[in-house]
Amino acid sequence: MKLVVLGCWAPYPAPNQACSGYLLEIAGRRILVDLGHGAFGKLQHILDFSKLDAVFISHLHPDHCADLSCLRHAILSANRLGRELRLPVFVPNDPPEKFEVLAGFEDAFEVHTISTDSREPLEVAGIGCEIFRTCHPIPTYGLVVQGEGTKFVYTSDTGWKAELVDISRGADILLCEGSLLTADSHLAGKGHLTGEQAGVLALEAGVGMLVLTHFWPGYALRDLQQEVSYVFPGKFELAGEFRAYIQN
Ligand SMILES: [Zn+2]
Ligand SMILES: [Zn+2]
């Protein structure tokens with residue numbers, strides 16, 4: 001399993017950077033997880049988009065899905081030149097007014113809607129995955145992918161919920177949002193975690209590695225790093241553009 005970070009900023013990117021976007025390679029498949037502002041440009045540095053097997057969009061906030069329109073136009077352009085591409089895209093069907101826009105992209109995407117109040121199995125590009133509903137103002141889904149003897153968990157955007165510990169248990173890589181410093185924890189009720197909470201989650205779930213992501217450009221990242229390190233003594237990194245994490 002290989003995870004490459006395309007973008008890790010929210011809700012807007014730092015200069016020359018991108019919002020959420022992650023390329024997951026597992027069992028010979030390439031799954032693009034989220035595609036926020038600027039992430040499609042970053043993807044093109046490392047992969048021909050036509051080699052993607054599927055896209056998973058965790059929720060319809062623009063920092064996670066804005067560049068779907070770029071991907072659509074790239075596919076349409078390739079098809080005008082003789083290709084016959086149509087990419088499976090897994091996407092929440094709520095909020096409906098946002099989903100309607102994406103549903104209109106059927107000329108480039110094979111749209112699969114996702115919707116659950118708890119946890120549910122989901123096959124993405126032939127890989128058996130699990131999705132789970134997170135704690136966020138609009139329907140948002142985290143992703144669990146297991147294959148090649150490894151387990152990957154992506155929390156997407158979420159506030160704290162006890163179920164996260166069970167879901168993340170034993171993950172080789174936990175890609176967890178850590179949007180807030182503890183001093184701003186009063187904002188966590190809006191559906192985000194502090195870095196400290198992400199560290200507690202990693203500790204309680206016994207993960208092999210914590211990769212913290214979803215950073216506000218206004219923070220000094222060393223502060224976030226410090227707050228996580230106080231509570232989580234295990235292997236831990238801040239996400240960064242093109243950083244790759246490999247588990248065999
Ligand atoms: Zn969000
Ligand atoms: Zn976000």
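Which residue of strand 10 stands opposite Val 144? Val 153 does, and view 3 returns to this pair.

This is a predicted model, in which local features need pLDDT of at least 70, side-chain atom pairs count only at pLDDT 80 or more, and totals for chains, interfaces and linings use all residues. Residues are numbered from 1 along each chain as its sequence is written, while chains are lettered from A and ligands numbered from 1 in the order in which they are written.

**View 1. The protein chain contains 7 helices and 14 strands.** Helices (H or I, at least four residues) and strands (E, at least two) are DSSP runs numbered from the N terminus. The radius of gyration, taken over C-alpha atoms, is 17 Å, close to the 18 Å that the globule rule gives for 248 residues, so the chain is as compact as a globular protein of that length. The globule rule is 2.2 Å times the number of residues to the power 0.38. Along its principal axes the C-alpha trace spans about 55 × 35 × 35 Å. Of the 248 residues, 46% are buried, a term that requires 20 or more other C-beta atoms, placed from the backbone, within 10 Å of the residue's own.

**View 2. An open sheet of 7 strands follows the order 6-5-4-3-2-1-14, with mixed pairing.** Two strands pair if DSSP finds at least two bridges between them. Strand 6 (109-114) and strand 14 (244-246) stand at the edges with a single partner strand each, so one side of each is left without a neighbour in the sheet. On average, neighbouring strands of this sheet are turned by 20° against each other, direction ignored; axes are lines fitted to C-alpha atoms, for helices over the stretch in contact, and angles run from 0 to 180 degrees between N-to-C directions. Strand 4 (residues 54-56) and strand 5 (residues 87-92) run parallel and are joined by 2 bridges. Phe 56 has Phe 90 as its bridge partner in strand 5. Helix 1 (residues 39-46) packs on the sheet, where it touches strand 1 (2-7), strand 2 (21-26) and strand 3 (29-35). Contact between two residues means that their C-beta atoms, placed from the backbone, lie within 7 Å.

**View 3. Strand 9 (residues 141-147) is joined to strand 8 (residues 127-133) by 5 bridges, and these strands run antiparallel.** Glu 130 stands opposite Val 144 in strand 9. Strand 9 also pairs with strand 10 (residues 150-154) in the antiparallel sense over 5 bridges, with Val 153 opposite Val 144. Strands 9 and 10 form a hairpin with 2 residues between them, and Glu 148 in the turn has a positive phi of about 55°.

**View 4. A further open sheet of 7 strands has the order 7-8-9-10-11-12-13, with mixed pairing.** Its edge strands, strand 7 (119-124) and strand 13 (236-238), each pair on one side only. Strand 10 runs parallel to strand 11 (residues 173-177), with 3 bridges between them; Tyr 154 has Leu 175 as its bridge partner in strand 11. Helix 7 (residues 221-231) packs on the sheet and touches strand 12 and strand 13. Helix 6 (residues 195-205) lies across strand 11 and strand 12 (210-213), running at about 155° to strand 11.

**View 5. Ile 75 lies in helix 3 (residues 68-80).** This residue is buried, with 21 other C-beta atoms within 10 Å. Not counting residues up to four places away in sequence, Ile 75 touches Leu 85, Leu 87 and Ala 108. Ile 75 and Arg 86 are 11 residues apart in sequence and 7.5 Å apart in space, C-alpha to C-alpha.

Terms used:
A residue is buried if 20 or more other C-beta atoms lie within 10 Å of its own, exposed if 12 or fewer, and partly exposed in between; C-beta atoms are placed from the backbone.
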